[in-house]
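Here is a short report for a first look at this structure. Keep the sequence and the 3D view open while you read.

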Amino acid sequence: MQLFARALTSIEVERRLILPIDCLPALPRFEGSYENGITFQVMDDVEILWNFRCKKRNGAADRLAIETDWIQFVNSKKLRSGDIVAFYKDDDRVSGTLCKIEVKRRTCIYNKEL
């Protein structure tokens with residue numbers, strides 16, 4: 001089941017991934033305060049497990065942000081602004097619930113003058 005998909009902004013490529021607040025119920029429960037956040041594992045397309053730390057950021061609108069390990073993930077996948085990441089929740093009877101991440105490269109169309 002897809003939790004969300006989004007095109008990355010320059011901030012998300014350089015600092016942190018902002019998650020939609022409505023995906024909170026699909027994440028592991030926050031124990032204690034939101035400021036401490038939660039760490040959850042996400043598997044990529046080559047079956048590498050990433051330990052993302054998600055925190056609730058307060059501001060004009062409450063937001064969830066993944067900071068820990070995010071930049072390492074961005075660098076390893078050579079992500080750029082405009083690339084799309086999609087998070088999925090996979091319920092497996094053997095391994096339990098697992099989050100997966102998929103990357104789709106942005107497509108560039110160039111107009112050439114003749």
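Contact here means heavy atoms within 4.5 Å. This is a predicted model, in which local features need pLDDT of at least 70 and side-chain atom pairs count only at pLDDT 80 or more, while totals for chains, interfaces and linings use all residues. Residues are numbered from 1 along each chain as its sequence is written, and side-chain values use heavy atoms, with hydrogens and water left out.

**The core**

Start with Trp70. Neighbours within four places in sequence are set aside. Trp70 is then in contact with Leu8, Glu12, Arg15, Arg16, Leu17, Phe52, Val85 and Ile101.

Trp70 also belongs to the largest nonpolar core, which has 25 residues. A nonpolar core is a set of buried Ala, Val, Leu, Ile, Met, Phe, Trp, Tyr and Cys residues joined through side-chain atoms within 4.5 Å. Buried means under 20% relative accessible area, exposed over 50%, and partly exposed in between (1.4 Å probe, protein chains only). Leu19, Phe40, Phe52, Ile66, Trp70 and Phe87 have the most contacts inside this core. Elements that give two or more residues to the core include helix H2 (70–77), strand E4 (49–57) and strand E7 (96–104). Helices (H or I, at least four residues) and strands (E, at least two) are DSSP runs, numbered from the N terminus. In soluble globular proteins, nonpolar side chains tend to be buried together.

**Strand pairing**

Two strands pair if DSSP finds at least two bridges between them. E2 and E5 pair in the antiparallel sense over 3 bridges. Leu19 has Leu64 in E5 as its bridge partner. E4 and E5 also run antiparallel, joined by 5 bridges. Here Arg53 is matched with Thr68 in E5 as bridge partner.

**Leu98 and Asp90**

Leu98 lies in strand E7. Is Leu98 buried or exposed? Leu98 is buried, because its relative accessible area is 19%. Its C-alpha atom is 7.6 Å from that of Met43, 55 residues away along the chain. Beyond four places in sequence, Leu98 is in contact with Gln41, Met43, Leu49, Tyr88, Lys89 and Asp90.

Asp90 is in strand E6. Asp90 counts as partly exposed, because its relative accessibility is 29%. Asp90 and Lys100 are 10 residues apart in sequence, with 7.2 Å from C-alpha to C-alpha.

**Positive phi in loops**

Two residues other than glycine have a positive phi.

| Residue | Loop | Phi | Relative accessibility |
|---|---|---|---|
| Glu47 | between E3 and E4 | near 65 degrees | 63%, exposed |
| Lys78 | between H2 and E6 | about 55 degrees | 65%, exposed |
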